[in-house]
Protein chains: 2
Amino acid sequence: MNGRGKSETRHAGMAPNSVRARRLGLDTQYEAIVVMHKECDVCRSEGFSAHTRVLLCNGKRQVIATLYQATGDLISHDEAALSESAWRRLSLNEGDTITVTHPAPLDSLSHVRSRIYGHDLGEPAFNAIVRDVVDGKYSDIYLSSFLTACAARPLDHKEVLALTHAMVETGERLRWPAGIIVDKHCVGGLPGNRTTPLIVAIVASLGLTMPKTSSRAITSPAGTADAMETMAPVDLDTAAIRQVVEREGGCVVWGGAIKLSPADDILIRVERALDLDSEGQLIASVLSKKIAAGSTHVVIDLPVGPTAKVRSAETAKALSQDIVEVAETFGLKVKTLATDGLQPVGRGIGPALEARDVLSVLRCEPDAPQDLRQRATALAGALLELAGAAPPDGGETLATAALDNGRAWTKFQRICEAQGGMRVPPTSSQQRPLLAERSGDVLAIDNRRIARLAKLAGAPDDKAAGVDLHVSVGDEVTLGQPLCTVHTESPGELAYAFDYASANHDIIAIREP
Amino acid sequence: MNGRGKSETRHAGMAPNSVRARRLGLDTQYEAIVVMHKECDVCRSEGFSAHTRVLLCNGKRQVIATLYQATGDLISHDEAALSESAWRRLSLNEGDTITVTHPAPLDSLSHVRSRIYGHDLGEPAFNAIVRDVVDGKYSDIYLSSFLTACAARPLDHKEVLALTHAMVETGERLRWPAGIIVDKHCVGGLPGNRTTPLIVAIVASLGLTMPKTSSRAITSPAGTADAMETMAPVDLDTAAIRQVVEREGGCVVWGGAIKLSPADDILIRVERALDLDSEGQLIASVLSKKIAAGSTHVVIDLPVGPTAKVRSAETAKALSQDIVEVAETFGLKVKTLATDGLQPVGRGIGPALEARDVLSVLRCEPDAPQDLRQRATALAGALLELAGAAPPDGGETLATAALDNGRAWTKFQRICEAQGGMRVPPTSSQQRPLLAERSGDVLAIDNRRIARLAKLAGAPDDKAAGVDLHVSVGDEVTLGQPLCTVHTESPGELAYAFDYASANHDIIAIREP
């Protein structure tokens, strides 16, 4: 007989539905998982079957987890084995007892269904949904359905307001003494468009306050936080951020570490799996972070191009209007800039490769990518003007001077030091060039597929992985010339990326003359 | 040092990405899961992180699984531990080696996104999606997004055709020698509406061929297969079904066991979690099963009522038209009947309780529920007429006679015997009546919430669980009179169901006189 069998099932004095918590040492990322024996008392008396959602409680701490059931001797009858995510959320110590029960029905799901069936949602509905999301009550199935429902029939103005409000209210908020707090955001879709560290360095060197909280990649091979992390620590708490900003006037940190709009951090993971961004979700995601961060003046970069996230000038205009309108309701001054989104910006695509480009612009190196430099000064200029720190049409000149005279570079190094110390971006262990299969002109570079290639190479999880572009649209190339170099940290990913590249010859399209 | 540590990592002669398969003894239902050590060679060289989707291969057998990573000594470095679902799909034996690699990108997801963004899908798109679903390549996130996208903007006629076709093509098909094969279906939403076993018994006793494949519950507390299973085995393979039908002219079996429209079986699980049925999905689900089952004449029951699945006569008419049109394209003769969907049918709600009602109608017991009997004879009558086995308007008389003269009851017992032996439906271990909190008339019974109550009580997983109604709309009741009895198999579920009932006093609404 199995020594962990039924005889040990009951402990004198244990409350009903109580089991001993065991740490399974299982990394499941955000997903909370619990494994119990199929024949244990709790599973039998509660009628639990595999894949049931169950409520785990340790005193007042609770988490909803997905139950799997062991049939062999993996788990004894009086235990519940928890994934690391569940273990941490419950603040457990080995040997603690927890209770496992049915969770209350998730009433907010009726709002999700209501939206699927064509009804708009009001503020109470969004509050209920977002609260349940933040409390970890939504499984992947529910998160995916909610996001898809918000993408399939666009959220209207009132709904975007309500969602934004709900996302702000369920998180922390930063408050600053200064009157003007500036910020910027880029509505993704353009690989390598890493202007943020440059803009922060420029405007902070000119006296503005820019406490920048950035996100990690959603559907792209690198977010600003991913790239910045290769140059300095970005996981700072509220107190540390305040110190950096008080000292240097600016920072570039990961917003997720300080729980501004935590709903967004949960939704983003599923959006990433679905490779999905809806306009309403996007506006709520961007503005909830800005509002929670205490910003007053914000410039938003909208790259427009056939393979960028925003495909046409009309879409950019409509999106721009919607953003400005929602922002106004929250007392936020926003200016949007529709920028050229034809092809990737700079050369590197991937956290460390993009950081290298940023550093070369800051250092005014002769071969620094000029397109990245120009975009940064244009956006920084707009921000200086919006905040009244430069006369109308005088912002870009001021911004360019701050780069040229080295003040921005000095400021950037000071910010990195203040965030915990400047780092040298890592370089990859494996590289392989992708060669031109014919001579001719570069006709187009597909933003989505080149981003995909960088992701297959391991970005953003592998910081040094990605793609380094050697050509731009319009360049003349000859047969066998390297078009780009794929950087990876493993032979498996190198092979995987090249499988994709060979099935997609026209990621960098060449027209024979 | 841990005896399962790094030193054992490599086995001479093992192929790259090979690991030893270990049976974890973990019931995860349909979900394929693999656990590997976070630091093992394969995870490191492939860049796998937790929650990655990975491809497991055992020779030509393959499955895509969700990867979790162990950090302690749960798993050694040369092992991959598999859930039961993954183990079975790969037909593994202990000690077999498998390979673990990146799966190819799921191209069909671009079609899902395309539909979310407002584009209709053609036949190739649906074929690609449904093929990937059947091959187990869609995670819950993808399944949920696809279903939500099909519900949020209804599928048009062409799309429903294409989806139906794809679902038929990816499964088995039954072929019958007889010219006319009849069938029926009820578009759910009405608890206790268990007419199918009665109709099969009636029409088979009158010489028609009705090889009925039924589903298990989607969003309801019992499907026909769940109820029938309490009276006879329903998991029959194609050969066994053929034998039963040849001998008795009819059967009531679970369709999922014979892989008619296997995509439907996968999608239904997520629909159940979402409590979601879209019209297009519903038509494709119903008709793909009928077409695959080789039916030629089908009657469809559309219960209409304020809390039924179909809410109005107009919706019923439109749905009816859509069903008939799609069916015609596939050469199927369909007649729909809009029926009264005001309140539950019969008394029992839950597999065994509904079976008890069916048996009492077949046995012509004096207290048999008359509403159930009348619905069954009306539908059987329509089917007899549609198939030409009764003159116009003469079907119902014929059907009623078959019940009254005992031929249907005899036929039903013979069918149960042929399916593997008749069973007595189980009775529950725990019961508790829900008492009227005032005197008055029963104004309404909420189909959705009474179904919910039965589900919270444990139905359909616990066969004997559910709700037994003692009143109908219009009945007079006095304070303290039992309105219904909740049946469960566990005290936990009894408490859970009553928590819900006390928070929902008006599931059975009483109007004071």
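Me: Which residue is the bridge partner of A444(A) in β19(A)?
Reply: That's A509(A). Bear in mind that this is a predicted model.

Me: How many bridges join β15 to β19 in chain A, and which way do the strands run?
Reply: Four bridges join β15 (residues 440-445) of chain A to β19(A), and the two run antiparallel.

Me: What sheet are they in?
Reply: An open one of three strands, in the order β17-β15-β19 in chain A, with antiparallel pairing. The edges are β17 (476-477) and β19 (508-511) of chain A; each has a single partner strand, so one side of each has no neighbour in the sheet.

Me: And chain B, what's the strand order there?
Reply: Chain B has an open sheet with the order β17-β15-β19, three strands paired antiparallel. Its edge strands are β17 (476-477) and β19 (508-511) of chain B, each pairing on one side only.

Me: How many bridges hold β15(B) to β17(B)?
Reply: Two, in the antiparallel sense, with β15 of chain B covering residues 440-445. Across that pairing, D441(B) stands opposite E476(B) in β17(B).

Me: Switching to the dimer. What turn lays chain B on chain A?
Reply: A turn of 180° with a shift of 0.0 Å along the axis, and the RMSD comes out at 0.0 Å. The two copies are thus related as by a two-fold rotation axis.

Me: How many residues are in contact between the chains?
Reply: 49 residues of chain B are in contact with 49 residues of chain A. On the chain B side, β2 (26-27), α1 (41-46), β5 (61-70), α3 (109-116), α5, α10 and α18 (491-503) each supply at least two residues.

Me: Which element of chain B gives the most?
Reply: α5(B), with eight residues.

Me: What's the chemical make-up of that side?
Reply: The side of chain B that touches chain A divides into 20 nonpolar, 17 polar and 12 charged residues.

Me: Do the copies meet through the same surface or different ones?
Reply: The same surface, because 100% of the interface residues of chain B are also interface residues in chain A.

Me: Which strand of chain B does β2 of chain A pair with?
Reply: β2 (residues 26-27) of chain A pairs with β5(B), antiparallel, over two bridges. One bridge partnership there is D27(A) with Q69(B).

Me: Back to α5(B). At what angle does it pack with α10(B)?
Reply: About 75°, with the axes 10 Å apart; α5 of chain B is residues 140-152 and α10 of chain B is residues 262-274. An angle between 65 and 115 degrees counts as roughly perpendicular, so α5(B) is roughly perpendicular to α10(B).

Me: Which residues meet there?
Reply: From α5(B) you have D140(B), L143(B), S144(B) and L147(B), and they meet L267(B), V270(B), E271(B) and L274(B) in α10(B). The residues of that contact divide into five nonpolar, one polar and two charged.

Me: OK, domains. What's the assignment for chain A?
Reply: Domain 1 is 6-101, domain 2 is 182-258 + 287-418 and domain 3 is 430-511.

Me: What distance separates the centres of domains 2 and 3 in chain A?
Reply: 26 Å, taken over C-alpha atoms. Their contact takes 24 residues from domain 2 of chain A and 20 residues from domain 3 of chain A.

Me: Which elements supply the domain 2 side?
Reply: β13 (348-349) and α13 (351-362) of chain A each supply at least two residues of the side that touches domain 3. The largest share, three residues, comes from α13(A). That side of domain 2 in chain A divides into 12 nonpolar, nine polar and three charged residues.

Me: Last topic, backbone oddities. Where are the cis peptide bonds you've got?
Reply: In chain A, the bond from A459(A) to P460(A) is cis, with omega near 5°. In chain B, the bond from A459(B) to P460(B) is cis, with omega near 0°. P460(A) lies in the loop between α17 (447-456) and β16 (466-469) of chain A, and P460(B) is found in the loop between α17 and β16 of chain B.

Me: What about phi at C364(A)?
Reply: Positive, about 55°, although C364(A) is not a glycine. C364(A) sits in the loop between α13 and α14 (370-386) of chain A.

Me: Why flag these at all?
Reply: Because most residues other than glycine have a negative phi, and most peptide bonds are trans.

Note on methods:
Residues numbered from 1 in each chain as written. Chains lettered and ligands numbered in written order. Predicted model: local features only at pLDDT ≥ 70, side-chain atom pairs only at ≥ 80, totals over all residues. Axes fitted to C-alpha atoms, helices over the stretch in contact; angles between N-to-C directions. Parallel < 35°, antiparallel > 145°, perpendicular 65-115°, else oblique. Contact = placed C-beta atoms within 7 Å. Nonpolar A, V, L, I, M, F, W, Y, C, P; charged D, E, K, R; others polar. Least-squares fit on C-alpha atoms with pLDDT ≥ 70 in both. Domains from an automatic or database assignment. Pairing = 2+ DSSP bridges.
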